Each structure stands twice: as structure tokens, then as C-alpha cells.
Amino acid sequence: MKDIKYAIGVDIGGSHIAAAVVDVQHRKIIPETKVHSKLDSHEDAGIILRVWLECIKQSIKKSEGLPIGGVGISIPGPADYDKGIVHIQGVDKYDKLFAINMRHFLTNELAGLLLYPDNVFFINDAAGFLLGETWSQYLTEEKIAAITLGTGIGSGFMKDGLLLSDDDTIPDHGELFNLPYQSKTVEDWISTRWFLHRYKEQCGYEAANVKEIADQAATDSNTRMIFEEFGSNLGTVLSPVLAKFGTDLLILGGNISKSYPLFKATFEEELGEVTPRIHFAKETENAAILGAVKNILAMNEMDFNKRNTAQFLMPVNREEKQLEGYDVFPSFEISEGTVSQGFESLARELSFYKKVCIDGYVGVDWDYLMGGLSEALRQLGVKNITYSIDAAYKDADVIDAMIAPFLGGDDPVFGRLYEGDLEDFFQRDKLESLVADDDCLSIVYGSGASLCNWDAKLVYVDIPKNEIQYRSRAGWVRNIGAQKPISAKPQYKRMFFVDWPVLNRHKQNLLSAIDFVVDGQFLNDISWCAGSTLRAALAEMSTHAFRARPWFEPGVWGGDWIKNNIDGLSDEVVNYAWSFELIVPENGIVISKKGVNLEVSFDFLMYNDHQAILGDAAKTFGTDFPIRFDFLDTFNGENLSLQCHPKPNFISEQFGEKFTQDETYYILDAADDANVYLGFKEGVNKDEFHQALVKSQQEGKEVEVEKYVQIHPAKKHDLFLIPHGTIHCSGINNLVLEISSTPYIYTFKMYDWMRLDLNGQPRPLNIERGMANLNFDCQGDVVEEEYISKQTVTAEGKGWKEVQLSTHPQHFYEVYRMEFNDQIHVEGNNQCHILSLVEGSQVEVVTGDRKMVVAYAETFVIPSNAGSYTINNLGSSIAKVVKSFVKPEVCNYES
């Protein structure tokens, strides 16, 4: 906890700024430190920000050396207060500040003057007023509402000492100004401009301000009627709001509130039975200043853990491999270009330009990234202003309505892949209003930043999918255009069906134009390279063997084989049910140079040159990588759920996927009692099975699975075939290498052994979807004949042989196993091969002039453009390598 004894509070209005030092212990402003400055809110951004900065600096100077722990700023909205980004537009003030990150600017400029340089926080002016008044006056009512009456109407709500912005009992975001009232909005009727307009209508000439009108009202009945009308309007607006909130105390502030006796009668008459105690703030400005400081204290009490996992973050610096076993952080050493590390080096590169656009993926910590870059530029003496593209999003409710058809309603798992583009989420006039400041380096940043069409250098920030999910579980990732984070599971569904498809298309469009790429996963650092270096690296990888960067996840059925056999993983994770060895939508690839790692998503390879990766299969699959490898670990764990996968038409019509989730289970390791549930027993009745599942779900009774489903013993190197519609699951004590088509979440769980997930919640079942897709012809003797692979030697030579493991006609891929004592040479045949070392300690894979060592259980890829390759056995016993590729006949048509 930061020890803050003194802090600067700032109140910003439409034509002024006031700053003062606050004595935190006594909750009071130190009067001699208070500074006022007038400003023109129509000026350019740079001028306005300099006025703010100078006012704050003067107040600090007047404190005569007091340890200033931070700066709190109360400012009118709309704004993203958490991030310090102005959203004000079209209200004839501060338009030039639209989208600017004020926090970055002030943090950098005040860095040497604050005890804690990162302690710069923003709060809505009305909320700041409420917070400051209750804090300084020790107001303790349970439900407090605050209204400021001045240029417009500000509002804030507090319950049990906590500010509310999202609650069913208050208006959206706690804001009244934009609510509909008498064919207009509330602020059209309750504001200074209403008074001036109504006064001119009533009296025939103009007044300078509301005070002038109030002075006349003491002796002029016509003028007094204006205040009575105002009170009636205010009471009519507030009565239902205060009633719904159950208000105990109403705080009134702002200049117009000083004229309360003039509108008291009509206001209280309209309030009717709503009778909260009314408290009048003596100094609205001082309350806002105090509230801004109180907000600093509240922000410092919050938990900002941005990563909810015990799993290790990939190190930015590549360590020489010490162990001979499985490498959890594999990288590809590039031949051309440089991979750099740190904000300082990137800042030096960008300092030569006047405009920079930094685009990137959802889940990037933009506040940290841009704060670090902006500070590095300041250290270089480069003045800079940063603009957040988030300010140009459409309203959140508009976006929610737009994507609702793709989110599956209340379905906890499934939606439909969004078919639009990233432009759909933005408001064109807001994008066009993002204008760079010519007097300094201007940086626009965020997912979609390139859509503002600046003539600027383009930086792209990528981040691995596993890190996005860890950050999502920590509760701070926002979806595209969302105003706040949502809980992890609904957020994952939205990311999978909306954000990721949209951002992948956007990324593909940008690849050729990227000037610099940044790895955004590191919490205290960055790595980066030139776009030309990335594209050269992708081309180089397309002609050589490489590994994707695997990642690991726990699950309710997870075992301990991975924990016991793969070094470099955290022991604090309860188990490792999955290893994402090669699931292209989820995996990244890591390039390195001289010990510095940089990870980008695997799909960059596909977008760069999918033909080079897939060869003949590119005609069928385009930029979609067709095959995935992953591990399912049930050693000393539990059975997987009883499940099936959708038919091709079903997955296309329901979810928008191009091909379905056809699987196989290759048994990499198994205990003596291991088994696999696969296919129905002879004569199983569909309706009876359905009723048993439904009854179990409704009444919480176990299903006699063995009555319906066949159980097969599983041993090392068996292959079980699971085309769509096949009832199946792995039993305990297996390590399954799942060789499958790429779609990977479309599992219809129909029975889950009456268990809860790792969070103690029921796992969602999809009984009806499963029944709509189950193949009941897969029963009896057919299962043994057609769904358990037959293994045939198809080629052999001295010390080697190749074994074909038959697949089902519905599988579009082949599975082979190559067994050799010393060496085997393999022809690529214009195909991409996906391989895994399933027996033996180590092999060396030779493609062209490059060699790569592969350890037991590691998965690797040989792109089509690599051509032929050689695998040398580095171990003392026989090596066995599983190989999969698209069936040649499938390559002869377009998807």
C-alpha cells in the first residue's frame, strides 16, 4: 500500500481549471496551494494540456516540498475514466481532446514531481463531487445521490460508501443528462443554456449568466416564474430516479443550487412522497478536488493483478536449453534482421516520425504498453500525445445489438462466427475526428487504430491466446467496443465467435503494411522487430521444420502424466488436462535472435503464404490450417465427458464453421487398465438412451454408461477413430495424442459423470444437440471393424519402416507412423506434415541446411515448401514418429 499523505486534487470545468494540495489525513484542502487558471476549451489539444499541466505544477510548487503522492482529476464526461481518455465530442468544448490519453501525458510530464509517478487518476466531475463531499463531511447514509446544477446537470450515486456506475437501480452509468425528457434530453431543460434561452423568451433580452437572472427574481415575478418552472422540471426528472434508487440523502451542488430558495417550492412539490434529506454543498469546486484525491486512495486499494494463473509467462530472453527433454518454450532462430527488447529501443525508432499508428489484438495491456512507450519517448526528449481508438467505437448498446445474433443468447458455450469486419464496430465521424497534433509526435493506438487512416508508421501488437485468457480470468480484459470487462466464460464465448474472427481478418489485411511488430505478452517488458524482419522470418519458417509454442490447461478430469514427464511447468497448477500442441487458432510461433524472443500468432504464417505451408491442400483450406495435435491427460485423473461432435451441415449452419471436428485418439501412453469409450452396443435404442440422459440431468441420477456404450482396452500406439457423430470419451490412465481436424470447441457433452467443474459449477451439457448429431449406426461389430484403426506396413528398408494407421472414410487426413533405428528420409509430396515423436528420446530433423532437435512428445511441422526431409535418431532405442497430412484426394477441390 502506498503511503499517501498529500496529493493534488484538480477540478476541470468548461472554462477553468482549479488545483490544490489536499491533506489526506485531515481531508482538507491546504488553501495557500490552490491555483485557478482560465482556459479556452476550443483551443488545440496541446495548448489545453499545457494549461492543465502548468496549473498543477504551480500548485505543487506552492506546497513547498510536501511529498505529493499523486494527482486526482475531476473532469466532465463522457470519458473512459479508468484509462484517462476523453470521449467528449460535439458539445462545443474540448473537442480537440477527443480520444487523447490524458493519463499518459500527465504521468510523463509530472514524473519527477510525484512521489508515485503512476498515481494519476481521473473521475467524473459529478462523481468526484459526491465522493469529496461525503468524504470531507463524513456523510454516512446508506444511499446517497448527488446532483450538480451548472453548465449542465451532473449526477452521481453512492451505496454503502461505494460509487455506483452500473446498477439496476440507477440510470446507465449514473448519468441523467442524456435521458429523454419532453421530446428532448434532460440537459436541454436543466442547464445554464436553458435558463438563458428561457429568460430571453420571457423577458425579451439576454442575460450574461444565471446569477444575473436570480438577482432579478427577487423583485420580478416574470423572472421568478423561470425558477419555478426550472424547479418543476428538476423535480419531475428526479422523483422517479430518487425513488427507484431508494435515496436516503440528496446532495445538491453547482452554481444554480445556490438559488435553491427560488425553486424550492415547485421542486419539492414534484418530488412528492420522495423525501430524502437534502444536503447543500458549500463549495462544489472544493468537493470535486477532494473527491479526486479520495479516488486516488480508492484506486490504490484495488487489486490490479492482470493474470489469473499460476502458469509461467514465456521469458522475453531465450535461455540456452539445459535439459534434453520437452521444451515448453521452443523458438525459431531467424537468419535475417534483429529482434529487439525494451521500450527505449522502440521509442528511438519511432522518434523519427510525426505520426504513429499502433494497432493490435484484444487483450493487449494498452495502458501499460502506451505508458511505457510514452515515458521512453519523454526520456528521449520527444514530446508526444497518445490517442485511444476506443473513443471512436459505436455506443456499447449499439454494438451489443449488432453482435447479439452471433452470441447464442443464453447458451453458455456456443454462438455463431461473426461475418462482418472490424469497421462495423466504429463510428465513421468519430474516426474522422481523430486529428493528430502537428506540434509533437502523435500516436493513435488500440485494436483498429489503423482505421483512422493516418499517414503514419504502422506498429502491430500481438499477444498469445493463452495470455488473453489468463488476463480475462483476472477480470480486466474488455471485448471490442465494450465499456467494461465481463466474466471469463461469457467473455471467452464473445472472443471466440466475434472478436477473434474480426481481428484475424483485420490482421490479415495489415500484414503486408506492418512497419514494426511488438510482442505484448510480457508484464514488465516488450520485444519487437521490423515488419520486414517478421515477413522474412515467416518466409524462412515456411521452408523449414519448426514447432508452435505449446501451452497447457487444467481440467476437471485432468491427470498427472504431463506434470510428471514435462519439465518447465508450474507445480502450483492442479493438473494439466490439455496440452495445446498445435491448435492453430490458439497457438503462437516464437522467433528469436541473439537470445531475444518474440511471439506472434501461428496464423501470421498462413496469412503470409498459405500455399508455402499447405502445398496442394491450400486450394481446399485456404488460410485455414486443417489439422491439430493436442494431448488429453487422464493419468490418475477421471474419464472425459461422454460426447460427440457435429455433422458437417450442422456445424456450418449452426456455427458458421467451414469443416467439422473429426477426431482420432492416438494412445501415446497408457496404464494397464486404460480404456476408451467408443461406439454403441448392439441394439441400443435411441429414445431409451435419450431418456436416460435427460433423466440424469433432471434428477441428478447416474447413467449406466456401460449399458449403452462399448468400452475398449487402450494400449500404447493404438488409434481410435472418431468421425463426427461418434459417441466417445477417453477413460482414465490415458495420455491421448488427439489428431483431429482443426475446429476444437464443438464438443457436445451429453453426460459428465455427475461432477462439477474446477470452480464448483455444473459443466454445461448439450444433450439435444448431441442427439441431433449422434450416429447410431456406429454400434455392435461395426465399431471394431470401422472405428478402431488397422495398422499396415506400407514401406520398409534397412532399419526403418512406415506403418499406415487406417482412418475412417469421413476423415480428410491420413495418419502414419515412421519407425527407425538410425535415420529415415521422407518425401513431402507437396504436402504439409504434422508430426510428433511418440517413442524414443530425441531425433534431429533436417530440412535444407537447418537442423532442429525434437524431444519425446514434442509436436513439429514440416511445411510443404520444405520439400523432403530427413530424421536422425539421436537416442539409443528405436524412434517412432507419427505423421499426419491431408489425404491427396481431398486436395483436388476447393472448399
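**Close-up 1. Strands E42 and E43, part of a four-stranded sheet in this predicted model.** Strand E42 (residues 842-847) is joined to E43 by six bridges, and the two run antiparallel. For a pair to look at, take Val 846, whose bridge partner in E43 is Lys 851. Zoom out a little and you see the open sheet they belong to, with its four strands in the order E40-E45-E42-E43 and antiparallel pairing. Strand E40 (823-826) and strand E43 (850-855) are the edge strands, each pairing on one side only. From one strand to the next, the twist averages 20°.

**Close-up 2. Strand E46 and two of its partners, E39 and E41.** How many of the residues in strand E46 (residues 879-886) are buried? Eight of the eight are, so the strand is mostly covered. Strand E39 (residues 813-820) runs antiparallel to E46, and eight bridges join the two. Here Glu 819 sits opposite Lys 880 of E46. Strand E41 (residues 833-839) also pairs with E46 in the antiparallel sense, this time over five bridges. In that pairing, look for Ser 836, which stands opposite Val 882 in E46.

**Close-up 3. An open sheet of six strands.** Read across the sheet and the order is E24-E25-E28-E35-E30-E33, with antiparallel pairing. Which strands are at the edges? They are strand E24 (551-553) and strand E33 (719-722), and each of them pairs on one side only. On average, neighbouring strands here are turned by 25° against each other, direction ignored. At the E33 end, strand E30 (residues 663-670) pairs with E33 over four bridges, in the antiparallel sense. One bridge to pick out is that between Thr 664 and its partner in E33, Leu 721.

**Close-up 4. The second largest pocket, with a volume of about 1,600 Å³.** Its lining counts 50 residues, and the closest to the centre are Arg 473, Lys 489, Glu 553, Pro 554 and Trp 578. Five elements are worth tracing around this pocket, since they turn up in the lining with two or more residues each: helix H14 (465-473), helix H15 (488-510), E24, strand E25 (578-582) and strand E28 (627-633). Which of them gives the largest share? That is H15, with five residues.

**Close-up 5. The largest cavity, holding about 100 Å³ of space.** Rolling a probe the size of a water molecule over the atoms shows where empty space is left. In the whole structure, the search turns up four cavities of 30 Å³ or more. The largest cavity has 14 lining residues, and those nearest its centre are Gln 311, Phe 312, Phe 329, Phe 552 and Leu 569. H14 and E24 each put at least two residues into this lining. Both elements also give two or more residues to the lining of the second largest pocket.

**Close-up 6. Helix H7 and its kink.** H7 (residues 221-245) has 25 residues. From first C-alpha to last, the helix reaches 35 Å, close to the 36 Å expected at 1.5 Å a residue. Where does the kink lie? Look at Leu 238, shortly before the proline Pro 240, where H7 bends by about 30°. Just after the helix comes Gly 246, with a positive phi of about 70°.

**Close-up 7. Backbone oddities in three loops: a cis peptide bond and positive phi values at Arg 27 and Gln 182.** The bond from Gly 77 to Pro 78 is cis, with omega near 5°. Pro 78 belongs to the loop between strand E5 (68-75) and strand E6 (79-80). Arg 27 isn't a glycine, yet its phi is positive, at about 55°. You'll find Arg 27 in the loop between strand E2 (16-23) and strand E3 (28-29). Is Arg 27 buried or partly exposed? With a relative accessibility of 25%, Arg 27 counts as partly exposed, because buried means under 20%. Gln 182 is another residue other than glycine with a positive phi, near 50°. Its loop lies between strand E12 (180-181) and strand E13 (184-185). Gln 182 has a relative accessible area of 41%, so it too is partly exposed.

Notes
Residues numbered from 1 in each chain as written. Predicted model: local features only at pLDDT ≥ 70, side-chain atom pairs only at ≥ 80, totals over all residues. Heavy atoms only, no water. Expected span 1.5 Å × (residues − 1). Bend = angle between axes of the 7 residues up to and from the residue. Buried < 20%, exposed > 50% of the residue type's maximum accessible area, 1.4 Å probe, protein only. Pairing = 2+ DSSP bridges. Axes fitted to C-alpha atoms, helices over the stretch in contact; angles between N-to-C directions. 1 Å grid on protein atoms, 1.4 Å probe; cavity = no way out; pocket = protein on both sides within 12 Å on 5 of 7 lines; lining within 4 Å. Points joined across faces, edges and corners; volume = space filled by probe spheres on them.
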